[in-house]
Amino acid sequence: DRAEQVRKNINYYFIDDLDKLDDVIREIKNNVKSNDLVVIDLIDDFWESAQTKFLVDGSKRMGLSMIDFLILTNKEKDKIGGLSFDKWIFIKKFDNTLIHNLVITPPCDVVACCSSKDVDVAKIFSKKDADKSYELSKYEEIGSKPAGQPLLKTKFNTIVYIGEKRDGKRYFIVMGDRGFMKSKDKIEYDSNFYKSFNELRKWQTSLMMNFMK
C-alpha cells in the first residue's frame, strides 16, 4: 500500500563493469544513512564475475582468445581452479572490496541474496578433504549451502534459507545466527519474510532473556 512512496526512496546500482566498483561503493557509503538498507543481489554471482573479469582482461592484454588464455594458465604449476595463486589475488581484490565495505564494516543494515548449492553434489568433490566434509555436514539437514566464495557464509551475522513447498507456501529456515537461537524448523510466511523473521527474533530473544532470569 506504500509502494509508490517507498519506490521514491530506492536507489539502484547495476554493476556491469567491475572497474566501476570502487566508485559505486564510495557513492553508496557517502549517501547511505544508518537507518537505510543495502541489498546485494546476487552476491554469489559477484564471485563468478570477478573470475570472468580476470580471464577477459588477461586474454585481451595478451592478445589471445579466452580459450587460448585458459590453456596457457593451465600449464602453470600450483593452480587453484585452473588459475595460479597470484591470479586469485587479483580476483579476491574485487570480492574483498565488496565484502569489506558493505559486509564486514557495513554503513547500515545489509541483506545479501545468493543461490543455494546442493550439498550432496558438493560432497562428491570433497571426499578427501576432511575440513570441507565437516563444513558440509552442517548443512546436511537442509540439503543446501550458500553458493559463491567458500567463506561467504562466515561473513554475515545470519544465514537464512528461503524455500517453497509443493503447495506453493513459502517458508524459511534459520541456518545460522550469531545473535539468537537457531531454528531448523520450516517457518511459513505470507508475503513479508522480513516481518516474520523479526517476529521470530523477538520471540526467541525474549525466551533467552526469560531463561537467563
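## The largest pocket and the core beside α3

The largest pocket of this predicted model is lined by 33 residues, and those nearest its centre are N11, Y12, Y13, V38 and V39. Four elements each give two or more residues to this lining: α2 (21–31), β1 (37–41), α3 (43–62) and α5 (85–104). The volume of the pocket is about 1400 Å³. Sorted by class, its lining holds 20 nonpolar, 5 polar and 8 charged residues.

The chain as a whole can be described briefly. The protein chain has 213 residues, and 30% of them count as buried. Its secondary structure consists of 8 helices and 9 strands. Among contacts with a separation of 6 or more, 54% join residues that are 24 or more positions apart.

**Strand β1 and the turn into α3**

V39, one of the residues nearest the pocket centre, belongs to strand β1. V39 counts as exposed because its relative accessibility is 52%, and the cut-off for exposed is over 50%. V39 lies 71 residues from V110 in sequence, yet their C-alpha atoms are 5.9 Å apart in space.

After β1 comes a loop that leads to α3 and contains L42. The peptide bond from D41 to L42 is cis, with omega near -10°. Most peptide bonds are trans, and most residues other than glycine have a negative phi.

Helix α3 has 20 residues. From its first C-alpha to its last it reaches 30 Å, close to the 28 Å expected at 1.5 Å a residue. Its buried residues are I43, D44, F46, W47, A50, Q51, K53, F54, L55, G58 and S59. An α-helix has 3.6 residues a turn, so residues three or four places apart point the same way. G63 follows α3, and its phi is positive, near 70°.

**The nonpolar cores**

In soluble globular proteins, nonpolar side chains tend to be buried together. The largest nonpolar core here has 23 residues, and I40, I43, L98 and L102 touch the most other members. At least two residues of this core come from each of α2, β1, α3 and α5. A second core, separate from this one, has 7 residues, including I142, I159, Y171 and I173.

Which residues does L98 contact, leaving aside neighbours within four places in sequence? They are L21, I25, I40, I43, F46 and V103.

**Two threonines in and after α5**

T97 lies in helix α5. T97 is buried because its relative accessibility of 12% is under the 20% cut-off. T105 sits in the loop between α5 and β4 (109–113). T105 counts as partly exposed because its relative accessible area, 36%, falls between the cut-offs of 20% and 50%.

The table lists the contacts of these two residues and of L98, without neighbours up to four places away in sequence.

| Residue | Contacts |
|---|---|
| L98 | L21, I25, I40, I43, F46, V103 |
| T97 | L21, D22, I25 |
| T105 | K29, H100 |

L21 and I25 appear in the contacts of T97 and also in those of L98. The contacts of T105 are K29 and H100.

In outline, α2, β1, α3 and α5 each give two or more residues to the pocket lining, and each also supplies at least two residues of the largest nonpolar core.

Methods
Residues are numbered from 1 along each chain as its sequence is written. This is a predicted model: local features need pLDDT of at least 70, side-chain atom pairs count only at pLDDT 80 or more; totals for chains, interfaces and linings use all residues. Side-chain values use heavy atoms; hydrogens and water are left out. On a 1 Å grid over the protein atoms alone, a cavity is a set of points where a 1.4 Å probe fits but cannot get out, and a pocket is an open set with protein on both sides within 12 Å along at least five of seven lines; lining residues have an atom within 4 Å of a point. Grid points are joined across faces, edges and corners, and a volume is the space filled by probe spheres set on the points. Ala, Val, Leu, Ile, Met, Phe, Trp, Tyr, Cys and Pro count as nonpolar, Asp, Glu, Lys and Arg as charged, and the others, Gly among them, as polar. The expected span of a helix is 1.5 Å times one less than its number of residues. Buried means under 20% relative accessible area, exposed over 50%, partly exposed in between (1.4 Å probe, protein chains only). A nonpolar core is a set of buried Ala, Val, Leu, Ile, Met, Phe, Trp, Tyr and Cys residues joined through side-chain atoms within 4.5 Å. Contact means heavy atoms within 4.5 Å.
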